[in-house]
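This report walks through the strands, the disulfide and the core of one protein model. The sequence and structure come next.

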Amino acid sequence: QVQVVESGGGLVQAGGSLRLSCAASGSIFSINAMGWYRQAPGKQRDMVAGITHDGTTNYADSVKGRFTISRDNAKNTVYLQMNSLKPEDTAVYYCNADLTDGFLTRRDYWGQGTQVTVSS
């Protein structure tokens, strides 16, 4: 069984910073990529940032230059450093892990989400 758990959300003023963490654990054979998505009330879930096993990253245009994704392969953990936060960054942030489990089945796993609220 695989678990994906996020942490690090909270309330911050505009212009501030937060760091999210996400750890995958359990019966994992390999992790292909991990990423962050967010969903604001009444909106669809959108990709924020992603990172492959070899470190290739991609970002949504709205966060380029402000957010940085990184990972620690040894810990099966991905981080999202969020700087210069804006009220429009307010959302529930979800971690996604594209991984192959111990039964050699490849699929996506999602965390439970962590709330990020940016006040103006």
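Which residues does Ser21 touch, not counting residues up to four places away in sequence? The model is a predicted one, and in it Ser21 touches Val5, Glu6, Ser7, Trp36, Val78 and Tyr79. Ser21 belongs to strand β3. Its relative accessibility is 19%. The cut-off for buried is under 20%, so Ser21 counts as buried.

**The open sheet**

Strand β3 is part of an open sheet of four strands. The order is β1-β3-β8-β7, with antiparallel pairing. β1 (2-7) and β7 (67-72) stand at the edges. Each has a single partner strand, so one side of each has no neighbour in the sheet. On average, neighbouring strands here are turned by 15° against each other, direction ignored.

At one edge, β7 runs antiparallel to β8 (residues 77-82), and six bridges join the two. One bridge pairs Thr68 with Gln81 in β8.

**Two hairpins**

Strand β5 takes part in two hairpins, one with β4 and one with β6. β4 covers residues 28-39 and β5 covers residues 46-52. β6 covers residues 57-59. Both pairings are antiparallel, β4 with β5 and β5 with β6. The table sets out the two hairpins.

| Hairpin | Bridges | Residues between strands | Turn glycine, phi |
|---|---|---|---|
| β4 and β5 | six bridges | six residues | Gly42, about 75° |
| β5 and β6 | three bridges | four residues | Gly55, about 95° |

Both turn glycines have a positive phi, Gly42 in the β4-β5 turn and Gly55 in the β5-β6 turn. Gly50 of β5 links the two pairings. On the β4 side, Gly35 stands opposite Gly50. On the β6 side, the bridge partner of Gly50 is Asn58.

**The disulfide**

How many disulfides does a search of the whole structure find? It finds one. Cys22 and Cys95 form it, with their sulfur atoms 2.0 Å apart. The angle about the S-S bond is -80°, and the link is left-handed. Cys22 lies in strand β3 (residues 18-26) and Cys95 in strand β9 (residues 91-101), so the pair ties together parts that are 73 residues apart in sequence.

Are the two cysteines buried or exposed? Cys22 has a relative accessible area of 1%, so it is buried. Cys95 is at 0% relative accessibility, and therefore it counts as buried too.

**The nonpolar core**

The largest nonpolar core has 29 residues. Those with the most contacts inside it are Trp36, Leu80, Met82 and Tyr93. The elements that give two or more residues to this core are β1, β3, β4, β5, β7, β8, β9 and β11 (114-119). β9 gives the most, with five residues.

What is Tyr93 in contact with, leaving aside its neighbours within four places in sequence? Its contacts include Trp36, Leu80 and Met82. They also include Leu20, Val48, Phe67 and Val116. Glu6, Tyr37, Arg38, Gly113 and Thr114 are on the list as well. Two names bring the report back to its opening question. Ser21 touches Glu6 and Trp36, and Tyr93 is in contact with both Glu6 and Trp36.

Terms used: Residues are numbered from 1 along each chain as its sequence is written. This is a predicted model: local features need pLDDT of at least 70, side-chain atom pairs count only at pLDDT 80 or more; totals for chains, interfaces and linings use all residues. Side-chain values use heavy atoms; hydrogens and water are left out. Two strands pair if DSSP finds at least two bridges between them. Axes are lines fitted to C-alpha atoms, for helices over the stretch in contact, and angles run from 0 to 180 degrees between N-to-C directions. A disulfide is a pair of cysteine sulfur atoms within 2.5 Å. Buried means under 20% relative accessible area, exposed over 50%, partly exposed in between (1.4 Å probe, protein chains only). Contact means heavy atoms within 4.5 Å. A nonpolar core is a set of buried Ala, Val, Leu, Ile, Met, Phe, Trp, Tyr and Cys residues joined through side-chain atoms within 4.5 Å.
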